[in-house]
Amino acid sequence: MKKILSFLFLYTLIIGAFAQSRVSISGYIKDGRNGESLIGATLQLEEIKSGTISNEYGFYSISAPPGTYTLKISYIGYTSIVQTIQLTEKQTLNFELQESDIVLEEVVITEKEASSNVTDLKMSSEKLSIETIRKLPQLFGEVDVVRTMMLLPGVQNAGEGTTGFYVRGGGQDQNLILLDEAPVYNASHFLGFFSVFNSDAIKDVEIYKGGIPAQYGGRLSSLLDIRMKEGNNKKFAVTGGVGTISSRLTIEGPILKDKASFMISGRRTYADIFLKLSPNENQRNNKLYFYDLNTKLNLTLNDKNRIYLSGYFGRDKFGFSTVFSLGWGNATGTLRWNHLFNDKLFSNTTAYFSNYDYELKIGGSVSNFKWTSNLQETGVKQDFTWYVHPKHTLQYGVQGAYRKFLPGKIEPTSDKSIFNTITSDPIYGIETGIYISDKYKINKRISVDAGLRFSSYYNIGPGTVYQYANNNPRQDTIGKTKYSSGKLINTYAGIEPRIAAMYLLNDVSSIKLNYNRTRQYIQLATNSTSALPTDVWVPSQRYVEPQIADQIAAGYFRNFKQNKFETSMEIYYKWLTNQIDFRDNANVFFNQRIETELLKGIGRAYGSEFMIKKQTGKTTGWISYTLSFTERQINGINSGNWYYARYDRRHNGNIVITHQLTERWSISGAFIYATGNAVTFPAGRYIYEGNVVPYYTERNGFRFPAYHRADISATLEGKNKPNRKWKGSWNFSIYNIYMRKNAFSIYFREKKDNPNQTEAVMVYLFGIIPSVTYNFKF
């Protein structure tokens with residue numbers, strides 16, 4: 001570690017020697033209406049065609065030889081600023097962009113010589129605006145950022161009505177979901193029908209399917225980076241909505257104008273309120289609701305220091321009278337400090353906390369019990385960005401996280417003489433990381449971003465490690481070792497290289513490549529298709545090695561008609577090692593020695609993704625198609641032969657269109673098609689001692705029926721009257737307009753009229769679902 005830090009320091013000094021003869025300008029780019037920082041705003045010095053973009057906090061820094069320049073600042077949907085500047089000494093310039101009310105394509109498009117789709121080093125990543133997401137059809141009218149992400153190439157849903165998602169052949173647990181840099185371990189409400197992210201509280205959403213920046217680690221497949229609003233520091237504002245199953249309210253405003261602001265946003269369903277009106281007492285005692293609460297404060301101390309404090313609190317309650325109840329929830333908190341050491345060196349210090357827990361209660365009998373589980377993570381991050389040169393940006397930092405796992409606790413809730421409380425041993429671990437990333441524009445056509453990350457994981461006591469014959473957890477136990485508190489039990493570590501390159505063919509087309517290695521030290525123990533609240537997170541241990549993935553991707557990017565249309569084609573191949581799966585007939589429920597049920601092997605995922613996108617004008621949207629293969633090979637499963645992962649889907653296509661009919665009316669539609677999930681069904685049956693026994697052949701050798709549906713929506717904006725503060729809109733949506741019955745599950749049973757024959761029975765969740773939502777702001 002000391003050698004790595006010494007190298008970073010020396011490297012910094014060497015690079016700095018080449019940047020002394022230039023003059024820099026730096027500052028922040030904000031939304032002129034509310035003071036929100038604009039992420040990814042473009043700044044360019046027109047005379048030398050040198051530019052940069054604002055970072056996650058709206059900060060930018062650019063340098064050039066002394067002289068007179070034309071500086072242009074632009075952001076999609078906002079009116080550009082063009083300003084002449086004299087660069088004689090370093091200076092600070094903050095800009096506020098005003099939202100453009102003009103929809104004409106010609107005005108917006110000619111502002112950019114070439115789209116970032118072509119010129120940016122990034123590939124295998126997508127960003128969607130909240131305004132775009134709000135206009136799309138949604139289940140029960142609930143605007144859902146995660147569900148909308150599933151309409152992008154390479155991102156697939158876990159099944160009908162779920163917000164679990166798979167990215168390029170990875171499992172649901174292989175997605176790192178961050179909310180203001182704090183991890184969210186269960187992003188689902190209503191048993192997976194909705195995500196925990198209230199769109200009214202969200203400012204920016206970006207997903208990385210590959211080419212994950214070196215500053216992020218801990219998951220194999222993807223990064224979903226979600227950032228909350230900072231709060232309006234210009235004036236007080238209220239937004240909200242009343243929908244089919246829930247209502248929302250957001251309040252934001254300045255504490256000190258242009259210095260400090262707050263945001264608080266809440267959402268709650270109200271199905272349980274209507275249940276209380278039922279004449280049936282049991283129904284009145286049922287519980288069915290969820291809520292979210294997002295909060296944020298930000299304070300500008302001075303030109304060099306800013307502080308952000310944000311939190312999320314969400315809970316689900318689901319139960320039938322006193323017979324059964326299930327509750328789960330997330331809580332996160334993030335404290336961040338932005339500091340400018342100088343006009344080129346930006347620092348962000350983050351401390352965060354994340355908690356996920358659930359509680360299952362069974363009543364109505366003698367042996368009533370309560371089962372609880374909990375996972376907590378506390379972490380710190382120190383990130384630096386050094387704007388060495390307009391063609392050269394250096395990022396580096398260190399990170400650490402402490403985790404406490406409580407896999408389960410079962411205790412009686414009625415007669416405590418029936419059984420004693422059973423508590424699984426807590427598991428403790430520490431994960432660390434150190435990284436450096438160097439983004440360099442070699443010339444007008446070639447740019448590279450080379451990064452290196454070193455991560456490590458430490459199991460620490462107290463804990464107990466069992467020894468097995470031949471070091472195999474599926475053989476006899478031959479002993480155990482107990483470790484005291486803080487004692488080091490086991491260590492894993494390794495490097496994670498990341499590299500990306502771009503070759504600009506011309507102003508409208510480019511070729512991009514990237515490679516990244518990722519390591520994951522935590523897995524989700526589940527044998528269901530969609531994530532359930534009762535699934536248990538399991539860290540790497542003596543017999544559970546960290547998962548490793550190596551992915552390489554290449555893409556061709558081309559824009560047409562003066563950048564009105566963006567097209568992309570990407571191919572990828574991913575190698576996976578230390579992949580785990582459950583052996584046949586595994587016992588997962590409250591298993592304190594989960595390693596005895598796991599088998600280890602390798603995996604591979606490969607495919608191609610195509611996308612056509614139009615982001616400007618009255619008609620916008622995209623068409624995407626993904627061809628993918630996802631396979632596993634694990635000794636002890638499927639006779640050691642390769643088999644398809646249950647989330648393998650050969651074809652996945654989406655069509656998404658939004659059209660502005662008039663000043664007040666807009667319409668949108670979406671069509672989704674996907675090959676059915678791979679599944680293990682019995683290939684036959686036989687009679688043994690008078691009992692019917694199913695006969696299975698290969699793992700995941702069958703398929704669910706193909707999944708497809710179409711959704712439409714229309715939005716009516718309120719009349720725009722002068723001096724009227726209240727603005728309202730109506731959204732009308734129809735989910736699954738042609739009533740496609742998509743399979744949620746399939747089970748087998750004997751035919752009632754002929755017990756000698758077996759029939760397959762399909763269960764589906766939704767037919768056609770209309771919804772109405774009224775949104776307002778003032």
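In the predicted model, Asp648 forms a salt bridge with Arg703, with the closest N and O atoms 2.4 Å apart. This pair links distant parts of the chain, 55 residues apart: Asp648 is placed in the loop between strand S40 (643-644) and strand S41 (651-660), and Arg703 in strand S46 (residues 702-703). The two partners differ in their exposure to the surroundings: Asp648 is buried, with a relative accessible area of 0%, whereas Arg703 is partly exposed, at 30% relative accessibility.

The structure holds 39 salt bridges. Another of these joins the side chains of Glu96 and Lys234, at an N to O distance of 2.7 Å. Because Glu96 belongs to strand S8 (residues 95-97) and Lys234 to the loop between S17 and strand S18 (237-242), the pair ties together parts that are 138 residues apart in sequence. Glu96 is partly exposed, with a relative accessible area of 35%. Lys234, by contrast, counts as buried because its relative accessibility of 19% falls under the 20% cut-off.

A further salt bridge is formed by the side chains of Arg168 and Glu570, 2.8 Å from N to O. Arg168 lies in the loop between S11 and S12, and Glu570 in strand S37 (residues 565-582), so this contact ties together parts that are 402 residues apart in sequence. Here Arg168 is buried, at 2% relative accessibility, and Glu570 is buried as well, at 5%. In addition, a network of salt bridges links Asp180, Glu181, Asp225, Arg227, Lys296, Arg336 and Lys381.

The nonpolar interior was examined next. The largest nonpolar core comprises 44 residues, of which Phe165, Phe197 and Leu224 touch the most other members. At least two residues of this core are supplied by each of helix H4 (130-135), helix H5 (145-149), strand S11 (165-167), strand S12 (175-179), strand S16 (202-208), strand S17 (222-228) and strand S42 (665-674). When residues up to four places away in sequence are not counted, Leu224 touches Val146, Met149, Phe165, Leu176, Ile177, Leu178, Val205, Glu206 and Ile207. Apart from this core lies another, of 25 residues, which includes Trp328, Trp371, Ala525 and Ile594.

Strand S12 also contains Asn175. Asn175 is buried, with a relative accessible area of 6%. A polar atom of the Asn175 side chain lies 3.3 Å from the backbone oxygen of Gln172. Beyond residues up to four places away in sequence, Asn175 touches Phe165, Val167, Arg219, Ser221 and Ser222. Phe165 is thus touched by Asn175 and by Leu224.

Tyr673 is located in strand S42. With a relative accessibility of 33%, Tyr673 counts as partly exposed. Tyr673 touches His651, Asn652, Gly653, Ala706, Tyr707 and His708, again leaving aside residues up to four places away in sequence. Between Tyr673 and Lys287, the separation is 386 residues in sequence and 34 Å in space, C-alpha to C-alpha.

Terms used
Residues numbered from 1 in each chain as written. Predicted model: local features only at pLDDT ≥ 70, side-chain atom pairs only at ≥ 80, totals over all residues. Heavy atoms only, no water. Core = buried A, V, L, I, M, F, W, Y, C linked by side-chain atoms within 4.5 Å. Buried < 20%, exposed > 50% of the residue type's maximum accessible area, 1.4 Å probe, protein only. Helix = DSSP H or I, 4+ residues; strand = E, 2+ residues; numbered from the N terminus. Contact = heavy atoms within 4.5 Å. Polar contact = N/O pair within 3.5 Å; in protein donor to acceptor, adjacent residues only side chain to side chain. Salt bridge = Lys/Arg side-chain N within 4 Å of Asp/Glu carboxyl O.
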